Amino acid sequence: DGEVHINELKNGNAEMFWNPTSEVRRQRLKRHIVLFEEQTDFESERLWQHVTSAINKGDQHKATQEKFVLEEEQRNAARERRENGTEWKPLLFQHDATTNEWHYKYEDLRPWDPLNDIAQFEKNGILQTMERHLSTRMSNHKTTCINNQITRHKRSAKDCRRRKTSDQPSNHSQNTESSCSTPESVQELSDDDGKYFGFGSLCAQCGKEMNHLKEIHSAVLSLQRAQQDIHR
């Protein structure tokens with residue numbers, strides 16, 4: 001997000017190669033780094049600190065020397081492992097024998113979810129994503145509610161039909177106000193309301209809960225459509 005210049009050494013001319021606009025600068029991703037004092041010895045920023053410092057100071061000779069020191073230490077460590085018969089097992093990378101390439105074990109190639117993903121960071125070399133889990137929790141919660149509602153409706157409707165077909169209802173059922181009584185208001189429900197969820201005519205309580213269930217179902221569909229639009 002900064003200016004990049006090309007310097008022609010032969011004639012000393014300088015040319016602007018890249019000058020980002022303010023809009024490009026605003027779109028820059030926020031960089032999350034581990035505090036230097038919390039980094040382990042083999043993390044890049046700590047391991048290459050002397051090389052980086054020399055480069056920032058423009059001392060190419062010093063940077064080359066520091067780079068050679070690091071590489072020589074790595075060669076010596078590899079030589080000692082061979083002599084001791086110690087197998088080197090990378091913690092963060094795995095080798096693909098088919099392509100003869102190394103791949104990062106914890107790479108995350110899924111699309112960024114703006115509704116659920118807050119930030120992505122690296123901890124102990126492992127890439128991690130901070131998530132809200134809101135959409136997942138809402139989806140699971142609504143699914144559970146709908147399943148519970150359907151189960152209760154099926155049970156109520158079945159019990160209602162069983163009571164209506166009984167020739168000799170008990171004294172308790174005669175003296176107690178049944179939830180399966182069918183007042184005039186139930187006629188407002190269409191046959192499709194019951195068939196929509198797989199059972200027949202509904203009592204007053206079932207009809208009330210069915211309307212509530214349809215509102216929940218409509219809200220879920222609306223959320224799903226909004227999420228799809230956001231992803232597009």
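Begin with the contacts across the whole protein chain: among those between residues at least 6 apart in sequence, 26% join residues at least 24 apart. Keep in mind during the tour that this is a predicted model. With the whole chain still selected, colour by secondary structure and look for eight helices and six strands, which follow the pattern β-β-α-α-α-α-β-β-β-β-α-α-α-α when read along the sequence. If you then colour by burial, the buried residues make up 16% of the 232 residues in the protein chain.

**Stop one: the loop between H1 and H2**

Select Gln 27, which is found in the loop between helix H1 and helix H2. Is Gln 27 buried or exposed? Gln 27 has a relative accessible area of 55%, and a residue counts as exposed over 50%, so Gln 27 is exposed. Now add Asp 1 to the selection and display the two C-alpha atoms, which are separated by 9.1 Å although Gln 27 and Asp 1 are 26 residues apart along the chain.

Move on to Gln 39, which also lies in the loop between H1 (22-26) and H2. With a relative accessible area of 8%, under the 20% cut-off, Gln 39 is therefore buried. Which residues is Gln 39 in contact with, leaving aside its neighbours within four places in sequence? Show Val 34, Glu 45 and Arg 46, and you have the residues in contact with Gln 39 on that count. For Glu 45, turn on the side chains as well, and you will find a polar contact of 2.7 Å between the side chain of Gln 39 and that of Glu 45.

**Stop two: helices H3 and H4**

Select helix H3 (residues 49-56) together with helix H4 (residues 60-84), and turn the view until you can follow both axes, which are 8 Å apart and make an angle of about 170°. Angles over 145 degrees count as roughly antiparallel, and therefore H3 and H4 are described as roughly antiparallel to each other. To see where the two helices meet, show His 50, Val 51, Ala 54 and Ile 55 in H3, then Lys 62, Ala 63, Glu 66, Lys 67 and Leu 70 in H4. Coloured by class, the contact of H3 with H4 has five nonpolar, one polar and three charged residues.

**Stop three: along H4**

Keep H4 alone in the selection and go to its start, where a side-chain oxygen of Asp 59 reaches to within 3.4 Å of the backbone nitrogen of His 61. Next pick out Ala 63, Glu 66, Leu 70 and Ala 78, which are the buried residues of H4, and bring back the helices they pack against, namely H2 (44-47) and H3. How far apart are the end C-alpha atoms of H4? They are 36 Å apart, which agrees with the 36 Å that its 25 residues should span at 1.5 Å a residue. Just after H4 comes Gly 85, whose phi is positive, near 70°.

**Last stop: Asn 100**

Finally, select Asn 100, in the loop between strand S3 (93-96) and strand S4 (101-104). Most residues other than glycine have a negative phi. Asn 100 is not a glycine, yet its phi is positive, at about 60°. If you show the surface here, Asn 100 is exposed, with a relative accessible area of 58%.

Terms used:
Residues are numbered from 1 along each chain as its sequence is written. This is a predicted model: local features need pLDDT of at least 70, side-chain atom pairs count only at pLDDT 80 or more; totals for chains, interfaces and linings use all residues. Side-chain values use heavy atoms; hydrogens and water are left out. Axes are lines fitted to C-alpha atoms, for helices over the stretch in contact, and angles run from 0 to 180 degrees between N-to-C directions. Helices (H or I, at least four residues) and strands (E, at least two) are DSSP runs, numbered from the N terminus. Angles under 35 degrees count as roughly parallel, over 145 as roughly antiparallel, 65 to 115 as roughly perpendicular and the rest as oblique. Contact means heavy atoms within 4.5 Å. Ala, Val, Leu, Ile, Met, Phe, Trp, Tyr, Cys and Pro count as nonpolar, Asp, Glu, Lys and Arg as charged, and the others, Gly among them, as polar. The expected span of a helix is 1.5 Å times one less than its number of residues. Buried means under 20% relative accessible area, exposed over 50%, partly exposed in between (1.4 Å probe, protein chains only). A polar contact is a pair of N or O atoms within 3.5 Å; within protein, one must be able to donate a hydrogen and the other to accept it, and residues adjacent in sequence count only if both atoms are side-chain atoms.
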